[in-house]
Amino acid sequence: MMKLLPPKPEPPSDGDCCLSGCEFCVWDLYDEDMREYQKQAGIVRKAFEDQGKEVPEHLRPENIRDSVDPTMRAFLDMEREMAMRIQQEEEENDKSDN
C-alpha cells in the first residue's frame, strides 16, 4: 500500500514573523515542517520508482521545494548553522566540566 503524503506546508505570511529572533520562530517551524514533507515525498516518490510507475508531477523534486524567498532561505540556513554551533560548544563545555 502506498504511503499517503501530508499536504505541503504553507510558508508563513509576511506579518506572521515579528523579526525579533524568537527561539521558536514561525520560519523555523515552517522549515522543520518542509524538511519533513520533503523527506516523506522522497519516500513516496521512491515507492513509485521501485514499482516502475511514473512519478506524479507533484512528487518530482522541482515541485517539492519550499517557496521561501532566497534571501529568507539564506537567513534561515545561517540561523540553523549558528544554533548548531552553539549547541556543539555547549556540549563540549559540558564534557570538559565533568
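Me: What does E81 form a salt bridge with?
Reply: In this predicted model, E81 pairs with R85 in a salt bridge. The closest N and O atoms of the two are 3.3 Å apart.

Me: Where do E81 and R85 lie?
Reply: Both are in helix 2. They sit four residues apart, which is about one turn of the helix.

Me: And is E81 buried or exposed?
Reply: Neither, strictly. E81 has a relative accessible area of 39%, so it counts as partly exposed, the class between under 20% and over 50%.

Me: Why would side chains pair up like that in general?
Reply: Side chains of opposite charge can pair when their charged atoms come close.

Me: How many salt bridges does the structure hold?
Reply: Eight. One of them joins the side chains of D77 and R80, at 2.5 Å from N to O.

Me: How far apart in sequence are D77 and R80?
Reply: Three residues, about one turn of the helix, and both belong to helix 2. D77 has 33% relative accessibility and counts as partly exposed. R80 is partly exposed as well, at 26%.

Me: Which residues are linked in a network with D77 and R80?
Reply: D31 and R35. Salt bridges link these four residues in a network.

Me: What about E54, which residue does it form a salt bridge with?
Reply: R60. Their closest N and O atoms are 3.3 Å apart.

Me: Are E54 and R60 buried or exposed?
Reply: E54 is exposed, because its relative accessibility is 66% and the cut-off for exposed is over 50%. R60 has 24% relative accessibility, so it counts as partly exposed.

Me: Changing topic. How many residues are in the largest nonpolar core?
Reply: It has 15 residues. Those touching the most other members are W27, Y30, F48, L59, V68, M72 and L76.

Me: Which helices each supply at least two residues of this core?
Reply: Helix 1, covering 26-50, and helix 2, covering 70-97.

Me: Which helix gives the most?
Reply: Helix 1, with seven residues.

Me: Why would nonpolar side chains be found together at all?
Reply: As a general tendency in soluble globular proteins, nonpolar side chains are buried together.

Me: Back to W27. What does it touch?
Reply: Leaving out residues up to four places away in sequence, W27 touches P11, P12, C17, V68, M72 and L76. Of these, V68, M72 and L76 are also among the core residues that touch the most other members.

Technical notes
Residues are numbered from 1 along each chain as its sequence is written. This is a predicted model: local features need pLDDT of at least 70, side-chain atom pairs count only at pLDDT 80 or more; totals for chains, interfaces and linings use all residues. Side-chain values use heavy atoms; hydrogens and water are left out. A nonpolar core is a set of buried Ala, Val, Leu, Ile, Met, Phe, Trp, Tyr and Cys residues joined through side-chain atoms within 4.5 Å. Buried means under 20% relative accessible area, exposed over 50%, partly exposed in between (1.4 Å probe, protein chains only). Contact means heavy atoms within 4.5 Å.
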